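This report describes selected features of one protein model for a reader in computational chemistry. The sequence and the coordinates are shown first.

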Amino acid sequence: MASLVLVSGLFGVGIGAQLLKTLPDDFRHTPGSWAWLSYDVPSYATLPGQFNRSVFEAPGEAVATDPEVVALNRQLNETDFVAYDDRFFDFVGPDATVEKVITLAHQTHEAPCWVPGTKDIFFVEWGPPGGDNGVHNYQYLLNTETHKLRNVTTDPPTVNVHGCVAYDGALYVVTDGGPSESAYFAKIDPKTWKRTTLLNHYYEQPFGSFNDLEVDNDGNFYLTDSRSGYFRNIIPFTPPTNPSTYFVDGKTFRPKAIQITTGNANGVSLSPDGKTIYLPNTGVSGGDGKDPYGERGLWAYDFATSGGLRKAKVPVLTNARLLTNPIANFYDGIRVSKDGWIIAGANDGVDVIDPVDGYILGSIRVGGDGEAVSIVLNGHDIWIVGRGGVWHVSNIRTALTDSKK
Ligand SMILES: *[C@@H]1O[C@H](CO)[C@@H](O)[C@H](O)[C@H]1NC(C)=O
Ligand SMILES: *[C@@H]1O[C@H](CO)[C@@H](O)[C@H](O)[C@H]1NC(C)=O
Ligand SMILES: *[C@@H]1O[C@H](CO)[C@@H](O)[C@H](O)[C@H]1NC(C)=O
């Protein structure tokens, strides 16, 4: 979207401009386009005319009667970086860019993982109408330097992968299950593509359909189990219980529920010290329709502190708190940077969220009709997989991971 600098430059001095806060000096001429929405601009705090949007639409998609607001929305719809907080400028810096590196079908892409020891990102196409009636028995590998895409099939094939995390040289994945097997948690060796199933039941109760996972510094796993696979008709196993998050002991693979919701489970990530877990509740995503009253909140929980008798982490959550409702739609994949910033796929981009005050610092937009679903952080870059393709956000000022792979 670098060519849109000119467009935003024009709008920046024209109609719609008085609703925006003036950009900091070093953000006036940047390779990516910027807008700053701030409630300390009085004309933005009290918009003229009528305006309307559902929670499923981004601010730039609101229907408005006033020409200034219409012009603002046209600009927002073409902007790479939308700041809501001055900390976003410091976080992203002026040199960052957003590039769509590959165009794919306008359907969900999920489960991105950096393949250890390579330049490849592993990810999947998920659900109908793709695959064989929504069933996928292969995954994608995208070379991040050449942008060449290829397929991989594990041995045995892994059906309907939905989440992935790279840990200790391997890929750990969760699946929704498929027509003839319920959801499971597995390890994939990226050198041989051999798949080993690690866990596939809770005392003979099938899991509903796993959505995503996270791993802590001790090698324990956190698996979110959702209702999405059943609602999208890719598995015949009735969700046996409400969507849940399971703690899975990294040595025994014994599962234990740590959070249950009547909404829906989705992404999961941990704070860098492993003491806090972040879980978006995405009840709005659980059914066929779009119910604006469905849950969308991003929640933080702490782990109960371990007592003197027990060194291991206590898999019990405490201190639940709502960090924020996303500005648009719901948070899907989430990851936490090395400094603790929460980065989440949401609708037309990814949001950066403060883990303590819950303010959304800004959105990095994918543009066009794309939708950000899930992300991989790498050094100063974010790779976004979603509806319509894969996007690469480069040159973010803040280091997101310790070293670049
Ligand atoms: C606002 O938008 C919703 C759809 O999102 C629509 O049903 C409703 O009629 C709109 N209301 C007005 C006043 O435009
Ligand atoms: C991957 O495999 C699927 C299913 O066989 C096929 O539709 C798709 O074109 C393949 N893509 C690539 C990049 O090989
Ligand atoms: C936003 O931009 C996309 C193309 O980039 C266009 O298809 C869409 O209609 C625009 N939406 C609005 C509300 O202007």
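Is C164 buried or exposed? C164 is buried, because its relative accessible area is 2%, where buried stands for under 20% relative accessible area, exposed for over 50% and partly exposed for what lies in between (1.4 Å probe, protein chains only).

The model is predicted: local features need pLDDT of at least 70, side-chain atom pairs count only at pLDDT 80 or more, and totals for chains, interfaces and linings use all residues. Residues are numbered from 1 along each chain as its sequence is written, chains are lettered from A and ligands numbered from 1 in the order in which they are written, and side-chain values use heavy atoms, with hydrogens and water left out.

**The disulfide**

A search of the whole structure yields one disulfide, defined as a pair of cysteine sulfur atoms within 2.5 Å. The pair consists of C113 and C164, with 2.1 Å between their sulfur atoms. C113 belongs to strand β6 (residues 109–114) and C164 to strand β10 (residues 161–167), so the pair, 51 residues apart, links distant parts of the chain; helices (H or I, at least four residues) and strands (E, at least two) are DSSP runs, numbered from the N terminus. The disulfide is left-handed because the torsion about the S-S bond is about -100°. C113, like its partner, is classed as buried, at 3% relative accessibility.

**Strand β30 and its partners**

Strand β30 (residues 389–394) is largely enclosed by the rest of the structure, because six of its six residues are buried. Both of its faces are covered: G389, W391 and V393 are buried on one side, and V390, H392 and S394 on the other. Two strands count as paired if DSSP finds at least two bridges between them. The pairings described here are antiparallel for β5 with β30, for β29 with β30 and for β20 with β21.

| Strand pair | Bridges | Residues standing opposite |
|---|---|---|
| β5 (residues 97–103) and β30 | six bridges | T103 and G389 |
| β29 (residues 381–387) and β30 | five bridges | W383 and H392 |
| β20 and β21 (residues 276–280) | two bridges | S269 and Y278 |

The hairpin of β29 and β30 has one residue between the strands, and G388 there takes a positive phi near 100°.

**An open sheet**

The strands β20-β21-β22-β23, in that order, form an open sheet of four with antiparallel pairing. Its edges are β20 (269–270) and β23 (317–324); each has a single partner strand, so one side of each is left without a neighbour in the sheet.

**Two loop residues**

T30 lies in the loop between α1 (5–12) and β1. With a relative accessible area of 8%, T30 is buried, and a polar atom of its side chain lies 2.6 Å from the backbone oxygen of G32. Y39 sits in the loop between β1 (34–36) and α2 (42–45). In contrast to T30, Y39 counts as exposed, at 63% relative accessibility. Leaving aside residues up to four places away in sequence, Y39 touches Y44 and A45, contact being heavy atoms within 4.5 Å. The C-alpha atoms of Y39 and L199 are 49 Å apart in space, and the two residues are 160 apart in sequence.

**Ligand 3**

G60, N77 and G368 surround ligand 3, each having a heavy atom within 4 Å of the ligand. The side chain of N77 has an N or O atom 2.3 Å from an oxygen atom of ligand 3. On its own, ligand 3 has 360 Å² of accessible area, of which the protein covers 41%; such areas come from the Shrake-Rupley method with a 1.4 Å probe, and for residues only the protein chains shown count as cover.

Note on methods
A polar contact is a pair of N or O atoms within 3.5 Å; within protein, one must be able to donate a hydrogen and the other to accept it, and residues adjacent in sequence count only if both atoms are side-chain atoms.
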